[in-house]
Amino acid sequence: MSARMISVHQVLRYAQGASQTDIQIDGYPNYHFLTTRPGDTESSKLMLEKGINPAAAINAGGNARRPVIGIRSSPWKAGHESNPWHDEFDLDHGHVRYYGDHKVTTVGLPGATAGNQALLEAWPLHAATTADERRQAPPLLVYRAVTVNRGGKTIFKGYVEFCGVAVIERIEHVVQRDTKTGRSFPNLVLDLAVLDLAKSGDALDMRWIDDRRDPTLDLHQTERHAPDTWKVWVKNGHSAIPRVRRRVVSSRVKTTEAQTPAAGSAEELTLKQLYEFFDGRKHAFELLAARVSAQILGSSGARYHDGWLTRPGGDGGMDFVGRLDVGTPGSNTPLVVLGQAKCVTPSTSISPDQVARVVARLRRGWIGVFVTTGTFSRQAQIEVHEDQYPLVLVDGKTLAEQVLRMAAADHGGDVGAVLDSVASEYKDAITSRRPEEILHSA
């Protein structure tokens with residue numbers, strides 16, 4: 001792992017004339033040490049003196065490329081003559097709305113300033129339809145100036161917070177109004193998608209930027225230290241932004257390891273037994289999933305009523321139906337439960353699209369349950385939690401734990417007996433009834 005990693009939200013000391021060899025200055029990481037290639041001269045520093053700071057273009061194999069653009073925002077200056085715009089940062093959801101550097105005193109159109117011109121030149125590459133063009137697009141390294149307390153004094157200059165690496169999602173021409181003079185002036189405003197750096201510990205490896213500045217490397221070679229999300233964006237373009245955008249999610253999002261039984265454990269053996277037994281017996285597994293759902297939902301204190309399995313073919317994200325009565329016997333509300341069951345190899349990850357099929361079937365007052373022998377992808381979990389979908393996700397490890405509990409309660413610990421019982425009864429549970437009919441069941 002490179003020592004020159006910059007973490008999101010890390011505060012750096014940005015001092016004019018500072019050496020690029022000092023690791024720290026005044027107790028803070030030295031911006032110039034982290035962003036300057038080892039052995040480079042003073043003239044090759046990546047500066048942040050302005051709001052928009054394009055690195056000098058280089059010629060690599062006869063092809064010109066701009067390695068990177070540094071973006072700096074100064075929130076406390078917003079509304080002042082030197083910074084009449086108000087940038088918006090929502091790093092938890094991977095979005096920055098950033099205004100260009102045109103001012104009321106600037107003569108000409110929004111591309112008249114060097115900063116805006118660099119962004120306008122970058123935009124066609126960020127919006128390109130081919131991977132080769134997107135690979136040439138300069139990444140945006142986003143910073144915002146911050147205040148620090150040093151020696152009992154508030155220091156306003158010389159410190160920046162790293163906010164991540166971003167791509168341009170869209171760019172617009174706007175008309176702004178200068179608060180001091182009342183005059184209107186044109187400008188650019190950009191919506192930036194901040195990339196997810198979770199796989200690298202929410203930090204950026206600056207060797208990637210070093211490589212982009214190296215004229216001996218072609219664009220493919222420069223990606224060896226690039227974030228995985230950058231590579232996904234390069235390959236797929238604008239459609240990949242929802243998947244690569246940074247999102248700070250709750251602890252409810254589980255890793256693949258947390259959804260997988262420990263090696264050699266009773267849960268691992270049970271999960272293997274389940275998969276081998278139900279592989280090719282779709283409807284039989286659906287009944288097991290329905291019973292596991294009943295056990296999980298019933299343990300919450302609400303009363304669960306068994307329903308039925310849907311008929312084979314064209315279920316559209318619905319394999320079983322149940323009902324959950326929330327409240328006291330004399331005062332409660334019934335909720336329709338729609339369930340999806342997927343018997344897949346335990347190493348299989350359930351995608352957001354598969355989860356979305358279940359969500360699409362839910363109506364107001366209904367909840368969903370998705371039961372699988374596999375795991376749920378991180379993105380699938382993020383979408384469920386952030387969009388607050390009423391969907392319970394039951395992964396392979398949880399499924400195995402629940403089946404072991406069933407076996408201990410009713411079958412003397414014999415998992416095979418649980419599976420045989422399900423296999424012998426599932427056909428009687430299949431009907432063509434509509435889900436809402438469960439509300440009128442006794």
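Asn53 is buried, with a relative accessible area of 10%, a value below the 20% under which a residue counts as buried. The model in front of us is a predicted one. Asn53 belongs to strand 5, which covers residues 52-54. Setting aside residues within four places of it in sequence, Asn53 is in contact with Met47, Leu48, Val68, Ile69, Gly70 and Arg72. There is also a longer link along the chain to report: Asn53 and Gly115 are 62 residues apart in sequence, while their C-alpha atoms are separated by 6.5 Å.

A second asparagine deserves attention. Asn30 is located in the loop that runs between strand 4 (28-29) and helix 1 (31-35). Is Asn30 buried or exposed? Its relative accessibility is 0%, and Asn30 therefore counts as buried. The side chain of Asn30 reaches the backbone oxygen of Asp22 at a distance of 2.8 Å. Beyond the residues up to four places away in sequence, Asn30 touches Arg13, Ala18, Ser19, Gln20, Asp22, Ile23, Gln24 and Ile25.

In the loop between strand 3 (24-25) and strand 4 we find Asp26. Asp26 has a positive phi of about 55 degrees, although this residue is not a glycine. Asp26 is partly exposed, its relative accessible area being 42%. Another aspartate can be described in similar terms. Asp202, in the loop between strand 15 and strand 16 (203-205), has a phi near 60 degrees, again a positive value in a residue other than glycine. With a relative accessibility of 22%, Asp202 counts as partly exposed.

I turn now to strand 10, residues 95-99. Four of its five residues are buried, and the strand is thus described as mostly covered. Which strands pair with strand 10? One partner is strand 9 (residues 88-90), joined to strand 10 by three bridges in an antiparallel arrangement. Within this pair, Phe89 has Val96 of strand 10 as its bridge partner. Strand 9 and strand 10 form a hairpin with four residues between them, and in the turn Gly94 shows a positive phi of about 65 degrees. Another partner is strand 15 (residues 184-194), which runs antiparallel to strand 10 and is joined to it by five bridges. Here Tyr98 has Leu190 of strand 15 as its bridge partner.

Leu190 also offers a reference point for a residue in another part of the model. Gln273 and Leu190 are 83 residues apart in sequence and 53 Å apart in space, C-alpha to C-alpha. Gln273 sits in helix 7, residues 266-278, and is partly exposed, with a relative accessible area of 33%. Apart from residues up to four places away in sequence, Gln273 touches Val415, Gly416 and Leu419.

Let me continue with a sheet. It is an open sheet of five strands, in the order 17-18-19-21-23, with mixed pairing. Why do strand 17 and strand 23 each have one side without a neighbour in the sheet? Strand 17 (303-309) and strand 23 (391-394) stand at the edges, and each has a single partner strand, so one side of each is left without a neighbour in the sheet. From one strand to the next, the twist averages 20 degrees. Inside the sheet, strand 19 (residues 331-342) and strand 21 (residues 366-372) run parallel and are joined by seven bridges. Val336 stands opposite Trp366 in strand 21.

Helix 8, residues 282-298, packs on this sheet. Helix 8 touches strand 17, strand 18 (320-328), strand 19, strand 21 and strand 23, and its direction makes about 170 degrees with that of strand 17.

Helix 8 has a helical neighbour as well. The axes of helix 8 and helix 11 (residues 396-410) come within 10 Å and cross at roughly 80 degrees. That angle makes helix 8 roughly perpendicular to helix 11, because angles of 65 to 115 degrees fall in that class. From helix 8, the contact involves Phe285, Leu288, Arg291, Val292, Gln295 and Ile296; from helix 11, it involves Thr398, Leu399, Gln402, Val403, Arg405 and Met406. How do the residues of this contact of helix 8 with helix 11 divide into nonpolar, polar and charged? Seven are nonpolar, three are polar and two are charged.

Terms used
Residues are numbered from 1 along each chain as its sequence is written. This is a predicted model: local features need pLDDT of at least 70, side-chain atom pairs count only at pLDDT 80 or more; totals for chains, interfaces and linings use all residues. Side-chain values use heavy atoms; hydrogens and water are left out. Buried means under 20% relative accessible area, exposed over 50%, partly exposed in between (1.4 Å probe, protein chains only). Helices (H or I, at least four residues) and strands (E, at least two) are DSSP runs, numbered from the N terminus. Two strands pair if DSSP finds at least two bridges between them. A polar contact is a pair of N or O atoms within 3.5 Å; within protein, one must be able to donate a hydrogen and the other to accept it, and residues adjacent in sequence count only if both atoms are side-chain atoms. Contact means heavy atoms within 4.5 Å. Axes are lines fitted to C-alpha atoms, for helices over the stretch in contact, and angles run from 0 to 180 degrees between N-to-C directions. Angles under 35 degrees count as roughly parallel, over 145 as roughly antiparallel, 65 to 115 as roughly perpendicular and the rest as oblique. Ala, Val, Leu, Ile, Met, Phe, Trp, Tyr, Cys and Pro count as nonpolar, Asp, Glu, Lys and Arg as charged, and the others, Gly among them, as polar.
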